[in-house]
Amino acid sequence: MTPTHDPLVDALRHTPSTDAAPDVAAALARVEAEGLVDVAYAQTDSPVGPLLVAVTDAGLVRVGFAREDDDALLEELAARISPRVVRSPRRTDEVRRELDEYFHGRRDHFDLPVDWRLSRGFRRRVLEHLYAEVPYGRTVSYLQLATIVGNPKASRAVGTAMATNPIPIVVPCHRVLRSGGHLGGYGGGLPAKRLLLALESGEQRLWTDPSA
Amino acid sequence: MRSTPVLPPFQRLLDEHGAALHRFCVAQAGPDHGPDCFQEAVLAALRAYPDLRDATNLRSWLFTIAHHKVIDHHRRSQRVEPVADVADRAAAAGPTDGTVAGAPVLPEQAAADGHLWATVALLPDKQRGAIALRYLADLPYVDIAAALDCTEAAARQNVRAGLARLRSEVTR
């Protein structure tokens, strides 16, 4: 900006800021009503740190841990799904509520629809089997999961599917361990994996339920 | 490979430019109609966003959309409002309170009345747009020219002419 000694120009530039927030909210309500938001996201607190959850019309498409870079995660969604990525606490309400109930120990499965589009081929098949067949409180080894999928030789590929799971916690890759009960890896960090397993085994209460 | 550019998440545009875009609309269309112009601009931008071919200057693209929404508003209001004296219409367009701390007090009349942008609102579309794009959106002349669909020289001329007219209106 070129400095100016013109009082008229200075007066034009010094027009006070307006409060944009209510009108941004109103505009977002309108774009949502018109179906112009392809990916809605919000952050939510959890005992394993802040989570970013993203949903499409088809369902929950992404859960990100705080250790992932939110900006990079949103850029990935923009590139792979649609650049119409907008923050929306309302659209992510159901996801956040179910996660909340899970962390309070009041929910042992998720009812929300899942949008699998970020996974393809074998990895997607592995994740779908994991979601459908390895229930709360149980664990399996990579080899066992490979067998469930029908390809017992593919435990390495199963490991890759776990490492690239776009929807951790809800699609429970924390229930998959190395043979011999070793913890293996986890995108959210091993302390988070331990915590989730402790919650599901009933060893530890993560969040106290005020109504309990 | 996709021939389309990699576009950032739309939310980032809102976070980075939303407040300035809002101010741009309210300053030109007044506190009653500015918010509508802003909302219309956001809607139009989001509608067009996935098909955008050039992601190199998103700020300029957003302000160009808002500029057109402001023009639409002024055309609509000119159809229904009777022509009145400049001062009356400035008053009717509502104040944009110019009494901010540190703001220059000149031109005395306009700043004191808080009607400076209400006076800008009375300028012809291109002059008003050029002044708002220059001093509120802070766009370079090359982008102002693109938004106004004119040459860079014409964009400069519109700013100059707008300022001259404004000076004569607010100081007379």
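Modeller: Let's start with a cut-off: angles of 65 to 115 degrees between axes count as roughly perpendicular. Keep it in mind as we look at this predicted model.

Biologist: Happily! At what angle do α6(A) and α7(A) pack, and how far apart are their axes?

Modeller: In general, two packed helices are described by the angle between their axes and the distance between the axes. Here α6(A), residues 142–149, and α7(A), residues 155–163, pack at about 100°, and their axes are 8 Å apart. These two helices are therefore roughly perpendicular to each other. On the α6(A) side the contact uses Y142(A), L143(A), L145(A) and A146(A), while α7(A) brings S155(A), V158(A) and G159(A). Sorted by class, that contact has five nonpolar residues, two polar and no charged ones.

Biologist: And which residues make the contact between α5(A) and α6(A)?

Modeller: Geometry first: the axes of α5(A), residues 121–133, and α6(A) come within 10 Å and cross at roughly 100°. So α5(A) and α6(A) are also roughly perpendicular to each other. From α5(A) come R125(A), V126(A), H129(A), L130(A) and E133(A), and from α6(A) come L145(A), I148(A) and V149(A). This contact divides into five nonpolar residues, one polar and two charged. Notice that L145(A) appears here and in the contact with α7(A) too.

Biologist: Now the strands, please. In which sense do β1(A) and β2(A) pair?

Modeller: A general idea to carry along: in a regular strand the side chains alternate between the two faces of the sheet. In this model β1(A), residues 39–44, and β2(A), residues 51–56, pair in the antiparallel sense over five bridges. Y41(A) stands opposite A54(A) of β2(A). The hairpin of β1(A) and β2(A) has six residues between the strands, and G49(A) there takes a positive phi near 100°.

Biologist: How many residues join β2(A) to β3(A)?

Modeller: That hairpin runs through two residues. β2(A) and β3(A), residues 59–65, pair over six bridges, in the antiparallel sense. T56(A) has G59(A) of β3(A) as its bridge partner.

Biologist: How far apart are the C-alpha centres of the two domains of chain A?

Modeller: The assignment gives domain 1 as 24–103 and domain 2 as 121–201, and their C-alpha centres lie 24 Å apart. Nine residues of domain 1 are in contact with 11 residues of domain 2. β3(A) supplies the largest share of the domain 1 side, five residues. That side has seven nonpolar, no polar and two charged residues.

Biologist: Let's move to the partner chain. Which element of chain A gives the most to the side that touches chain B?

Modeller: α1(A) does, with seven residues. Overall, 32 residues of chain A are in contact with 41 residues of chain B. The chain A side divides into 20 nonpolar, five polar and seven charged residues. The predictor gives the complex an ipTM of 0.89 and a pTM of 0.85.

Biologist: Where in chain B is confidence lowest, and where is it highest?

Modeller: As a rule, where pLDDT is low, the predicted coordinates should not be read in detail. Chain B averages a pLDDT of 82, and 76% of the residues score at least 70. Helix α4 of chain B, residues 108–113, is lowest with a mean of 45, while helix α7 of chain B, residues 141–148, is highest at 96. Over residues 82–113 of chain B the pLDDT is below 50, and this stretch has 62 contacts in the model beyond near neighbours in sequence.

Terms used. Residues are numbered from 1 along each chain as its sequence is written. Chains are lettered from A and ligands numbered from 1 in the order in which they are written. This is a predicted model: local features need pLDDT of at least 70, side-chain atom pairs count only at pLDDT 80 or more; totals for chains, interfaces and linings use all residues. Two residues are in contact if their C-beta atoms, placed from the backbone, lie within 7 Å. Helices (H or I, at least four residues) and strands (E, at least two) are DSSP runs, numbered from the N terminus. Ala, Val, Leu, Ile, Met, Phe, Trp, Tyr, Cys and Pro count as nonpolar, Asp, Glu, Lys and Arg as charged, and the others, Gly among them, as polar. pLDDT is the predictor's confidence in each residue, from 0 to 100. Two strands pair if DSSP finds at least two bridges between them. Domain bounds come from an automatic or database domain assignment. Axes are lines fitted to C-alpha atoms, for helices over the stretch in contact, and angles run from 0 to 180 degrees between N-to-C directions. Angles under 35 degrees count as roughly parallel, over 145 as roughly antiparallel, 65 to 115 as roughly perpendicular and the rest as oblique.
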